Amino acid sequence: MSRFFRSGDDSSSESSSEEEELYSEEEEEEEQDESEEEDEEEDEEESEEGSSSDEEGGKKSGAARFLRGDDSESEESDDDAPKTLKSAKDKQIAELESTIDTIEKRQKIGDWGAISVEFDKLNRQAAKISERGQTPKLYIKALVELEDAMNETISKQKVTPKKMNATSARGLNAVKQKIKKLKQDYQSQVDSYREDPLDFLASEEEDETPVPKPVKKTKAEVYAEQVDDDQEGFATVGKGGKTLIFTPESIFKHLRGILESRGKKNTDRLEQIKTMEKLHEVAVTPYQRIKVLLTLVSARFDLSSGGSATMPLEHWKAAEKEISIMFEVLEANKEYVVIENADEWDDDEKPPTLQPGEKYIKIPGSIVSYIERLDDELTRSLQSIDPHTSEYIERLTDESSLYKVIFRGLLYYETLAKDSSLQTPQDSLNRIVMRRLEHVYFKPAQVVKILEADAWKPVPDEVDSTITPRGSIEDATNLLNVLCNYLFTNSEGIIRARAMLCQIYFLALHDEYYKARDMMLMSHLQETIGSFDVQTQILYNRTLVQVGLCAFRKGLVYEAQNTLQEICGSGRQKELLAQGVMIQRYAQVSPEQERLEKQRQLPFHMHINLELLECVYLTCSMLLEIPLLAQTGSSPDIKKRIISKTYRRMLEYHERQIFTGPPENTRDHVMQASRALAAGEWKKATNFIHSIKIWDLMTNTEEIKAMLSKQIQEEGLRTYLFTYAPFYDTLAVATLSSMFELEDRKVSAIISKMISHEELAAALDQVASTVIFRKGVELSRLQSLALTLSDKSAQLIETNERTLEQRTQGTANAFDRRGGQNQRGRGGGQRGGRGGARTGGTGQRQAGGTQFTGGVLGGAVRG
């Protein structure tokens, strides 16, 4: 190569040394190419001399550099000087010594960041020399000295108050890890050097043995060998073009390399997974199979490490299968256990053996973490699939196989917990029991029974469960009780609260209203739910809604309305139940918050039908609000209270419509039924309510409709009495019975209840079966205006207090202007009570506020 096309800078030194190394190998292999090689080396020497002369004569530029002038004589004399040619090995040794010298200089100033870089360079140079023969003794010496300097630096850092900078600290830590790994490869040579350094270095020349010349093979022979290596004609090639050979002895070496590259940039994760699959095929011992499976499952989970990426379906199925295989290996080899508190085994050459006095070989790993991650990945996958497609149904079938994995994991941890010497953490057992509970609490009993039966099928007969023994669980309710009681006893905090909510949800789902209500009240979760995490608050809201729906199915309209008021009255049902992200007007949501909201969403098969929920809430509100409106309309001295502001707002909007057509949706049906009920047309109201198609989603549709008909009849009677009581002196019970198609005894019972609650100023003549209405003193115009003024004043005070509360941000005693005693009489209950919708009401029908506790449920327990 001409010297005019070669650059003389230092960056080409490494490439030149590699080229010379290639030439030196060819010189050893083929003697007939010596002349050509010498010519090329002379050209390179000339180019190097030319570049050095250009650097020395840097003042010349342009074409003058290529002309022979006054310096021609000196150049000719240089050409005549004798040349010293170095072999490639000598040059590599010189580079090695230069790097060692640089490391020693950096040690003096404590620059461990630069030492780490130079140490990497030194390792590469030593690896090149080792490929041609023995490891250089200088490298072993440098390795030992660097280790001593590192230990000295670490010991100084422990006693000195001044800490090194972050760059040096990272470099020191990197050097420490590299030396720890390299010492395993050169342990015998390091020990020899430490015993006698002089003797070790003096024997360098004696240890050198000539490398036999390799027999040159033809291209056909090389190709034939490559074909023989792989049946398909392909071989796995690693970095540098080297063919990777997978043997049982090299498994741990490959695994360590994969673990070290985990998390780094530009790492081909799919290639690593393929490598580990081949390692699993060649694994022989149980220890090798367990280690490969643990690493392989972790690598598969790394594929979905991104914020929005979901785990590919084939890798999820493969991970689930590999975890099942691992359980089989562990069950077949009882001496191997995978626990979190085990120490890592660092020796890659030989696997651990069972020591005298020990019963187990402990392998570090967390199976419960793998199961939780597998569960989370299935949830994320279901979140990203359109629920109205067949793909969602197909993906949902994987829940059965996941439940089997959770069940096998629970059996394994129960086995570990039996031996106290393993010190299995109770938290791991609680977490996996909680996962099992979360997969069954929202399902019908028939589905849970099938799921449980399928989970026991692959379990060997000799394996049994201590928590849920084989054959002891007859129905789903018993299973839920056993799992929840176990968590009540052995856990605390969030897991215990979630277990309680799951059991309440299951009881409410299966129409056990009174048990669910009592458990909810005794748990006192409503007092502390604000301090729990968001997922637990979502579960609390779901449980609350399910209890309300259960009360409705039982015909307890008042209890259902009070229970659902907190969720449905807010207008944020989707967000509170994690069934959709609501876009608030003028709200600025950051991308991070939006991502977190989407991650919290529940899969579609766990949703509670929001249209059904709204229909139940509005129907219950109608049955309570219409008689209340009739009562306040006929008695202006009674404080106007509101049970459901949402329902009132919808009703006022509907009444303002000039023209109302036939009902089109659930809301229209309820609003038109409300107007018919207020007008006394209870049959028409019943038809409107029964024509709502959403009732078909309930299991006992006919029973629900019959219950609603009965409720509408009773509330229609109450509305009629409130509306037309001022116009009657006496009214026969038989007339009311025929008008509303109720029994005489039922009509008498309703009237007696209204009289006892002081809702109706009348008396019941049981002999004549008539209602005798009492006529009170009619209010004058002045008294009516006084009552109106009182109402307006109370509203103004409420508005002022609300404004002050916003400005003071809820400061304690912000309204206390009379020395700690507020004498306004808020929430009194009769005419003196002006609390409005915030404090309860006038009559005794409402036992408390609209919250879950202290409301109707609390009143029902007290009653």
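How many helices and strands does the chain have? Colour by secondary structure to see 37 helices and 5 strands. Keep in mind that this is a predicted model.

**Stop 1: the whole chain**

Show the surface. The accessible surface of the chain comes to about 49,200 Å². Carbon and sulfur atoms account for 50% of that area. Of the 863 residues in the chain, 40% are buried. Now think about contacts between residues at least 6 apart in sequence: 67% of them join residues at least 24 apart.

**Stop 2: the nonpolar cores**

Select L437, F552 and W695. In the largest nonpolar core, which has 155 residues, these three touch the most other members. Zoom in on L437. Leaving out residues up to four places away in sequence, L437 touches L480, L483, C484, L487, A499 and C502. Another core, of 25 residues, lies apart from this one. To find that second core, select A126, Y139, L146 and Y186, which are among its members.

**Stop 3: the three-stranded sheet**

Go to residues 730-732, strand β3, and 762-765, strand β4. They belong to an open sheet of 3 strands, ordered β3-β5-β4 with antiparallel pairing. Both β3 and β4 are edge strands, each pairing on one side only. On average, neighbouring strands of this sheet are turned by 20° against each other, direction ignored.

Add β5, residues 770-773. It runs antiparallel to β4, and 4 bridges join the two. For one of these strand contacts, pick A762: its bridge partner in β5 is F773.

Next, show the helices packed here. Helix α34, residues 733-740, packs on the sheet and touches β3, β4 and β5. The direction of α34 makes about 55° with that of β3. Then select 744-756, helix α35. Helix α35 lies across β4 and β5, running at about 145° to β4.

**Stop 4: salt bridges**

Side chains of opposite charge can pair when their charged atoms come close. The count here is 35 salt bridges. Visit a few.

Start with D419 and K359. Their closest N and O atoms are 3.1 Å apart. This pair links distant parts of the chain, 60 residues apart. D419 sits in the loop between α18 (398-418) and α19 (426-438). K359 sits in the loop between β1 (336-339) and β2 (361-364). Are the two partners buried or exposed? D419 counts as buried because its relative accessibility is 13%. K359 counts as exposed because its value is 53%.

Move to R600 and E597. Their side chains meet in a salt bridge, 3.1 Å from N to O. Why are they separated by about one helical turn? Because R600 and E597 are 3 residues apart in helix α28, residues 591-600. E597 is partly exposed, at 22% relative accessible area.

Now select E625 and R648. The closest N and O atoms of this salt bridge are 2.8 Å apart. The pair links distant parts of the chain: E625 belongs to helix α29 (residues 610-634) and R648 to helix α30 (residues 645-655), 23 residues apart. E625 counts as buried, at 0% relative accessibility. R648 also counts as buried, at 13%.

Finish with E147, D148 and R194. A network of salt bridges links these residues.

Definitions and conventions:
Residues numbered from 1 in each chain as written. Predicted model: local features only at pLDDT ≥ 70, side-chain atom pairs only at ≥ 80, totals over all residues. Heavy atoms only, no water. Core = buried A, V, L, I, M, F, W, Y, C linked by side-chain atoms within 4.5 Å. Buried < 20%, exposed > 50% of the residue type's maximum accessible area, 1.4 Å probe, protein only. Contact = heavy atoms within 4.5 Å. Pairing = 2+ DSSP bridges. Axes fitted to C-alpha atoms, helices over the stretch in contact; angles between N-to-C directions. Areas by Shrake-Rupley, 256 points an atom, 1.4 Å probe, with all protein chains shown as cover. Salt bridge = Lys/Arg side-chain N within 4 Å of Asp/Glu carboxyl O.
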